[in-house]
Amino acid sequence: NAPNSYKPIKTETMKSIYIIPLFFILLGCHDENNPKVELQAGKYTLTDDPNDYVQHYIYDFYQKYGVVILTNPDSSDYVYNFNNQNPISLKAPEQEKEVLKTGLQFIEEQFLNIYDDNFKKKYFPFTIQLANRIELWILGDYDLVNAYSSSGFIAIANINDDLATLDETTRNNYRGDINQSLWTEYLLKREAWFVPGAFYEVSKEYYGDYSLFESYTVEEGIIEARECGFITFDPYMSETEDPEDCLLFIPSQEMDVQQYFQFLFSSTKEELDELMEEYPLVEQKYLLLQDAIQKQLDIDIFSFCLPS
């Protein structure tokens, strides 16, 4: 059922939900049992049409979970985060029905179906925003990212014609990026869970602004990173144009956690076990995360690995 402030409008052939405008970004105090944010949402009209796959999917998803899927987001949907601006720019997908249908099926497989109904109701952000591309601005330039989350939304890129022909590696990488964004950029910052301090203790001697690994090639850098308890180097700061003379930066604490979740969601349990067996510090940090989330949310994060 829709919340009391949302008025369903029914006709003989279709149903609509008009979401009444709310004039504050956040309503009420933080509820640790439900970190979902209620955003200003005056422009959203959700209309059901059983003969239209996209409209029916979006309407039904909102009815079930209270989450709005936006297929054509603009800057008013993602720029502002309280008094700050999110450093991103989205390009909306082409509004062709087949592109949007394929996009919804993609996020259903790689994101939505991973979680049960209770999780989606309790922990999903208010909007899921589909994008053709997401530009993340860093130090005056931008990088393309596959997903981005903030206080009340997750944006998912690559909703375009290329989805139909993705290779397995790329598809798995997208799965990792989307889900790590939910867990580390949204849920963690909404205090739905906490990283145990012992996680950072494992590699604390390496953290620091502009700290570099000693290796000069990507392959050696990944090995060195894992021996130090990291998944890999910082892909944004590092310089890898010359494969024999790279500058490989050590991840920040925030990125360290992100990379652990990215690998988890983009790998099979067998691949995860192999990684942990080969690199003891990585195993130690994964077990700390597993134990913390099991205690805090009663969820085994290892169950989120790719099916074998």
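The legends below describe several close-up views of a predicted model of one protein chain.

**Figure 1. The whole chain, before any close-up, with its helices and strands.** In this predicted model, the secondary structure of the chain comes to ten helices and twelve strands. The chain has 308 residues, and 51% of them count as buried. Its accessible surface comes to about 15,700 Å², and carbon and sulfur atoms account for 47% of that surface. When contacts between residues at least 6 apart in sequence are considered, 70% of them join residues that are at least 24 apart.

**Figure 2. The second largest pocket and the residues that line it.** The space in the second largest pocket is about 330 Å³. This pocket is lined by 19 residues, and those closest to its centre are Thr45, Ile58, Ile69, Leu70 and Thr71. Which helices and strands each supply at least two residues of this lining? They are strand S3 (45–48), helix H1 (53–65), strand S4 (68–70) and helix H3 (97–110). The largest share comes from H1, which contributes four residues to the lining. Sorted by class, the lining of the second largest pocket is made up of ten nonpolar, six polar and three charged residues.

**Figure 3. Strand S12, covered on both faces.** Strand S12 spans residues 153–156, and its residues can be followed one face at a time. In a regular strand the side chains alternate between the two faces of the sheet. On one side of S12 are Phe153 and Ala155, on the other are Ile154 and Ile156, and all of these residues are buried, so that both faces are covered in the sense that each carries residues under the 20% relative accessible area that defines a buried residue.

**Figure 4. The two strands that pair with S12, S8 in the parallel sense and S11 in the antiparallel sense.** Strand S8 (residues 127–130) pairs with S12 over four bridges, and the sense of this pairing is parallel. Within this part of the view, Leu130 stands opposite Ile156 in S12. Strand S11 (residues 147–149) is joined to S12 by three bridges, and these two strands run antiparallel. Here Ser149 stands opposite Ile154 in S12. The connection from S11 to S12 is a hairpin, which passes through three residues.

**Figure 5. Asn132, in the loop between S8 and strand S9 (133–138).** Is Asn132 buried or exposed? With a relative accessible area of 18%, Asn132 falls under the 20% cut-off, and it therefore counts as buried. Although Asn132 and Ala157 are 25 residues apart along the chain, their C-alpha atoms are separated by 5.2 Å. Leaving aside residues up to four places away in sequence, Asn132 touches Lys91, Ala92, Pro93, Ala157, Asn158, Ile159 and Asn160.

**Figure 6. Asp161, in the loop between S12 and H5.** The relative accessibility of Asp161 is 53%, which is over the 50% cut-off, and so this residue counts as exposed. Asp161 and Glu98 are 63 residues apart in sequence, while the distance between them in space, C-alpha to C-alpha, is 8.8 Å.

**Figure 7. Trp193, in the loop between helix H5 (168–187) and helix H6 (197–202).** Trp193 has a relative accessible area of 0%, and it is buried because this value is under 20%. The residues it touches, not counting those up to four places away in sequence, are Trp183, Leu187, Leu188, Val257, Phe261, Leu289, Ile293, Gln296 and Leu297. Trp193 and Ala292 are 99 residues apart in sequence, yet they are 8.2 Å apart in space when taken from C-alpha to C-alpha.

**Figure 8. Two residues with a positive phi, Tyr210 and Asp298.** Tyr210 is not a glycine, and its phi is nevertheless positive, at about 60°. The place of Tyr210 is the loop between H6 and helix H7 (218–227), and this residue is exposed, with a relative accessible area of 62%. Asp298, also a residue other than glycine, has a positive phi near 60°. Asp298 is found in the segment after helix H10 (280–297), and at 63% relative accessibility it counts as exposed.

Technical notes: Residues numbered from 1 in each chain as written. Predicted model: local features only at pLDDT ≥ 70, side-chain atom pairs only at ≥ 80, totals over all residues. Heavy atoms only, no water. 1 Å grid on protein atoms, 1.4 Å probe; cavity = no way out; pocket = protein on both sides within 12 Å on 5 of 7 lines; lining within 4 Å. Points joined across faces, edges and corners; volume = space filled by probe spheres on them. Nonpolar A, V, L, I, M, F, W, Y, C, P; charged D, E, K, R; others polar. Buried < 20%, exposed > 50% of the residue type's maximum accessible area, 1.4 Å probe, protein only. Contact = heavy atoms within 4.5 Å. Areas by Shrake-Rupley, 256 points an atom, 1.4 Å probe, with all protein chains shown as cover. Pairing = 2+ DSSP bridges.
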